[in-house]
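Here's a quick briefing to read alongside the structure. Have a look at how the two chains meet first, then move on to a strand pair and a loop.

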Amino acid sequence: MTFIRESGYAFWNPLIWFIAFIGVMAVVHFIRMRGQEKYKKGSAQAQIFVCGEEVPEPDKRHIRVTNIYWGFFETLKEYYNSILRPHTGIINDYIIWFVAVMALTAVILLIVGLTK
Amino acid sequence: MAALVTHSPILIIAIPLLAAFLTPLIGRLSGKARNVLVLGNLAFVAFLVFALTRDISVNGIRVYTLGATSPDLTIPEGVMVPVRIILEVDGMSMFMAIIWTIVSLAATIYSLAHIAKETGQNRFYTLLLLMVAGAYGMMFTGDLFNLFVFLEIASISGAALIAFRTRFADTQEGGFKYIVISAIASLMVLFATGLLYGQYNLLNIAALAKVMEYTTLDKIALVLLLIAFTMKTGMIPLHMWFPDSYTVAPASITGMLVITSHACMYAAFRVCFSLYGGISDTYVVGWIITVFGLLTAFIGVTMAVYQTDVMRFMSYHAISQLGYMWMGVGVGLAVLGNPELLYTYGRDAMAGGIFHILNHAMYKPLLFFTGGALFHVTGTRDLTKMGGLAHKMKWTAILYIIGTLSISGIPPLNGFSSKILIYESVYHFHPILTIMGIIVSILTLASFIKAFHSAFMGAELPMYKQIREVPVPMLIGMGILAFGIVFITLFPGQVSRWIIYPAADALIDQLSYIHAVMGVVP
């Protein structure tokens, strides 16, 4: 039985990846085993420490979806403004796109036909 | 057994169709009996599908003529052309049928718990079986008119299922949009069928392909068919209805709708390769599909990363992933007329695109199911209101991670196998396709990490202290698809040899498709 997936330009063998994954996990486990031996689960050692400040409640400190990649969206604001504009939610607009794409494709095929 | 396999093409369509009408009757007696009927029916159909797949892998294309003295008698005596309803099943049809079998079975098991508290379950399962029959019909039919009929069956039942949970207003809007888009697409298919029938007096795809002259009317018919089917798959810029409808359906149905989108993609492939494969403009049509595929992949993922509704987020990712498939198969179509390029990279590009259909059919319904699990437990699709759910939903979180790694193409998951095949092959057609493909993959991973963190990570939130993991049938439904992912991950070479390359070759080999119905082509 072979796991090799030959695409014609390279080969792909998931078994090698699994062996590598297990190897990396073994190294991680080894490093973890060499950690702090006096650690006590559930004690003050396991509490969150924010420079001595009071730690907010779980629902206040959870980073919400709208805060993630804020910089990405800010940088691409123009792109998003332009791409969100056609998403009106109105089905009439969707049908206009359908007609436009159909017309464009038809014109391309007819022009190609004329050039032959 | 031999008779069962002989008649399996029609039985695979007829059995769920018959069971659909039995379901409400049995359901009036007992809900459990109805569920057994639906599951038993789908399991039997799965058996037939795998038996037929084995038969086709040994004996080649199967034709089934309805009403003939013998199923393989496609052209009656004294007549020059096929006049009866003919089913034509080849490697590509079986590939699609296998996908549909696995996903419909997983979705039905998932539904047992997911819609357990809803009213109108008899109607739900009736519509589900109608959709199953409609999609099988689309995959097996050999003529254009029946393609239209089965498209209608799948679309109408799909729209009703989207709007099934009538207590939510947005489901009605989603169902309405789906039926309007489907009706327009079906109308265009019917119109194109009429144009071809008016010229050639034929409806059979193989017979039409044999006499195709590629007149101006044929070109218009091609555009109508192609754009109608691409709109049904959600290709950009015809995608806007897609998230509006898919977001609001029950998650099990959304998973199945993904495969009906694939069925429409299959129909577009059938039109481009089997019907119009012999024309000289495949290069232009291939380029058009590839460019739209590229746009679909990129714009789809950039829209997905912006979303805060978990199901809408998944819907845009479904659109984005469809772009990969269009790119792969589009490149294959573009070089179809050049055998040297076709066998240098075109066939591999097609195989990559088709392989991605299979992978997408495993991880995307799985991800939709995990989204449905979040909704089932929290009562909201809004990611801004979620957090820390992995504390109570460990299995769902693990299944979500499997789906995420797979859709992002992270080695060694199956998504990587198909993506690397696409990247390597389309690079020879134009390097920008590979570059954009990799960018889309990176953005896919980034957006799924964002959603994972928002929903599952962080401290346990007070409002979700009482929640529990989803019921077992939902986990089994998701588990079936996760098992599919693991299987393809471990055996990509075997899967390629068994079903991927035979499917690609079935599309490339137009002459065999024609020959199966029309006899030897001179």
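A polar contact here is a pair of N or O atoms within 3.5 Å; within protein, one of them must be able to donate a hydrogen and the other to accept it. By that yardstick, chain A and chain B have 10 residue pairs in polar contact, counting pairs with both residues at pLDDT 80 or more. Keep in mind that this is a predicted model.

**Where chain A meets chain B**

- On the chain A side, the elements giving two or more residues to the surface that touches chain B are helices H1 (14-33), H2 (58-61), H3 (70-75), H4 (77-84) and H5 (91-115).
- H5(A) gives the most to that side, with 14 residues.
- Sorted by class, the side of chain A that touches chain B has 33 nonpolar, eight polar and five charged residues.
- As for the overall tally, 46 residues of chain A are in contact with 76 residues of chain B.
- The size of an interface is often given as the accessible area lost when the parts come together.
- For chain A and chain B, the buried area comes to about 5200 Å², with 75% of it on carbon and sulfur atoms.
- If you're hunting for salt bridges between chain A and chain B, the count is zero.

**A strand pair in chain B**

- Strand E1 (residues 62-65) and strand E2 (residues 86-89) of chain B pair in the antiparallel sense, over four bridges.
- Within that pairing, Thr65(B) stands opposite Ile86(B) in E2(B).
- In a regular strand the side chains alternate between the two faces of the sheet.
- E1(B) is covered on both faces: Arg62(B) and Tyr64(B) are buried on one side, and Val63(B) and Thr65(B) are buried on the other.
- E2(B) is covered on both faces too, with Ile86(B) and Glu88(B) buried on one side and Leu87(B) and Val89(B) buried on the other.

**Pro471 in chain B**

- Pro471(B) sits in the loop between helix H17 (431-456) and helix H18 (472-490) of chain B.
- Is Pro471(B) buried, partly exposed or exposed? Its relative accessibility is 31%, so Pro471(B) counts as partly exposed.
- Leaving out residues up to four places away in sequence, Pro471(B) touches Ala113(B) and His376(B).
- Pro471(B) and His114(B) are 357 residues apart in sequence, yet their C-alpha atoms are 8.3 Å apart in space.

Definitions and conventions
Residues numbered from 1 in each chain as written. Chains lettered and ligands numbered in written order. Predicted model: local features only at pLDDT ≥ 70, side-chain atom pairs only at ≥ 80, totals over all residues. Heavy atoms only, no water. Buried < 20%, exposed > 50% of the residue type's maximum accessible area, 1.4 Å probe, protein only. Pairing = 2+ DSSP bridges. Contact = heavy atoms within 4.5 Å. Buried area = accessible area lost by both parts, 1.4 Å probe. Salt bridge = Lys/Arg side-chain N within 4 Å of Asp/Glu carboxyl O. Polar contact = N/O pair within 3.5 Å; in protein donor to acceptor, adjacent residues only side chain to side chain. Nonpolar A, V, L, I, M, F, W, Y, C, P; charged D, E, K, R; others polar.
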